[in-house]
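Trainee: I have just opened this entry and would like a friendly walk through it. Could we take it one question at a time?

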Amino acid sequence: MLLSILLINLLFVIARAGVPYLTEQPSYVPPCRIKSPDFVKCSTRSAQKLFSEISAKGGLPGLDSIPPIDPLRVNKIRVTQGGDNALNIKLDLSKVLASGFGKIKVIESRVSSKDYSWVTKLSVPKMTIVGDYVLKGRILLIPLNGKGKMTFQIDNPKIEMHTKTRLYEKGGFTFYNVTDGDCDYTIKKLSVNFENLFNGNKELEDSTNAFFNQNWQILNDSLKPVLAQTIADIFLGYLQSIFHAIPANFFVTDIPTPKELYGE
Ligand SMILES: *[C@@H]1O[C@H](CO)[C@@H](O)[C@H](O)[C@H]1NC(C)=O
Ligand SMILES: *[C@@H]1O[C@H](CO)[C@@H](O)[C@H](O)[C@H]1NC(C)=O
């Protein structure tokens, strides 16, 4: 008993000392040269192979810091939007589970040779986000104040992620620190369900959810900032875990060192 507690503590210290990372080019990341004319094509293929490998293996062999991608877990997402009349909400999501990313199709992966930021276009056939919500505010002019379980179902989202990075050095490799991201998206259809919207008034809850779903196009427009931030937050944490564990050199063989890019 004591020994196992000691062991667990020891493992924890080792884990905290640093995320394990790859030191050899993995077969699932075809290397690309940013100076080559077909870089975007190569980089798109490379990103697709990486996501396919993660989906097939439920993570990446030897890299426990990268969790399975489908479903993807996010502890907390907080969105505050105000201003106009139709939408004025504060939404806190916790214990979020996002499903569907196992079927990611990478449409395009661009990397800027100026600052090594990325533009990534992805699509998924279907994305489901479930979680615990706390909601205060107005959606489509309806005043809301509730907490409970929430489901978003999004058909065929096409996502364009804009990701900022900062290069850093580790063990003689260049790594991406994924520092910030936002996204644009289009979708085919949105359905939502908020449980316990009105403190257990089931009739009002059902009619409000039905109203949202009948007016899903308007809802889609007014929830744009909420969805965009939710999707960006879900991806950002995941990309961070990948790129602290796989050197950027394996994706872009001619990437500069941080010193070369930023100076001293
Ligand atoms: C990555 O960036 C964040 C802030 O954006 C910073 O706190 C963190 O220390 C950086 N990590 C590395 C390894 O450079
Ligand atoms: C849903 O909202 C997004 C973001 O505003 C928009 O690009 C998309 O066209 C909308 N989809 C539909 C079907 O209205």
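Mentor: Gladly, and one definition will help us later: helices and strands here are DSSP runs, helices of at least four residues and strands of at least two, numbered from the N terminus. Keep in mind too that this is a predicted model.

Trainee: Then let me start with confidence. Which element of the chain has the lowest mean pLDDT, and which the highest?
Mentor: For the chain, the mean pLDDT is 88, and 91% of the residues reach 70 or more. Residues 1–17 stay under 50, and the model has zero contacts beyond four places in sequence for them. Among the elements, the lowest mean, 42, belongs to helix 1 (residues 2–17), and the highest, 98, to strand 3 (residues 105–111).

Trainee: How many salt bridges does a search of the whole structure find?
Mentor: The search covers the whole structure. One of the results is the pair K149 and D132, with the closest N and O atoms 2.7 Å apart. The total found is nine.

Trainee: Where do K149 and D132 lie?
Mentor: Let us begin with accessibility: K149 is partly exposed at 48%, while D132 is buried at 19%. Their salt bridge ties together parts that are 17 residues apart in sequence. K149 lies in strand 6 (residues 142–155) and D132 in strand 5 (residues 126–139).

Trainee: Which residue forms a salt bridge with R33?
Mentor: R33 is in the loop between helix 1 and helix 2 (39–57), and its partner is 221 residues apart from it, in the loop between helix 5 (224–243) and helix 6 (258–262). R33 counts as partly exposed at 46%, whereas the partner is buried at 16%. The closest N and O atoms are 3.9 Å apart, and the partner is D254.

Trainee: Which residues are linked with E108 in a network of salt bridges?
Mentor: One bridge joins K121 to E108, with 3.8 Å between the closest N and O atoms. K121 lies in strand 4 (residues 118–123) and E108 in strand 3, so this pair ties together parts 13 residues apart in sequence. E108 is buried at 19%, and K121 is partly exposed at 29%. The residues linked with E108 in the network are R110 and K121.

Trainee: Staying with strand 3, is S109 buried or exposed?
Mentor: S109 has its place in strand 3. Beyond its neighbours within four places in sequence, S109 is in contact with V40, S43, T44, A47 and V119. Its relative accessibility is 8%, and the cut-off for burial is under 20%, so S109 counts as buried.

Trainee: What is the length of the polar contact between the side chains of S109 and S43?
Mentor: S43 is among the residues in contact with S109. Their side chains are joined by a polar contact of 2.8 Å.

Trainee: Now helix 3, please. Which residues of helix 3 are buried?
Mentor: Helix 3 has 13 residues, which at 1.5 Å a residue should span 18 Å, and its end C-alpha atoms agree at 18 Å apart. The face turned away from the buried side carries the exposed residues E203 and Q214. The buried residues of helix 3 are E205, T208, N209 and F212.

Trainee: Why are those buried residues on the same side of helix 3?
Mentor: The residues in question are E205, T208, N209 and F212. They lie on the same side of helix 3 because they cover an arc of only 100 degrees around the axis.

Trainee: What do the buried residues of helix 3 pack against?
Mentor: F212 is one of these buried residues. Their packing partners are strand 5, strand 6, strand 9 and helix 4 (216–222).

Trainee: Let us turn to the backbone. Where is N199 found?
Mentor: N199 has a positive phi of about 50 degrees although it is not a glycine. N199 is also exposed, with a relative accessible area of 72%. N199 is found in the loop between strand 9 (189–194) and helix 3 (202–214).

Trainee: And where is K95 placed?
Mentor: Phi of K95 is near 45 degrees, again a positive value in a residue other than glycine. At 63% relative accessibility, K95 counts as exposed. Its place is in strand 2 (residues 87–99).

Trainee: One last item: which peptide bond is cis, with omega near 0 degrees?
Mentor: The bond involves P71, placed in the loop between helix 2 and strand 1 (72–81). The cis bond runs from D70 to P71.

Methods: Residues numbered from 1 in each chain as written. Chains lettered and ligands numbered in written order. Predicted model: local features only at pLDDT ≥ 70, side-chain atom pairs only at ≥ 80, totals over all residues. Heavy atoms only, no water. pLDDT = per-residue confidence, 0-100. Contact = heavy atoms within 4.5 Å. Salt bridge = Lys/Arg side-chain N within 4 Å of Asp/Glu carboxyl O. Buried < 20%, exposed > 50% of the residue type's maximum accessible area, 1.4 Å probe, protein only. Expected span 1.5 Å × (residues − 1). Arc of directions from axis to C-beta. Polar contact = N/O pair within 3.5 Å; in protein donor to acceptor, adjacent residues only side chain to side chain.
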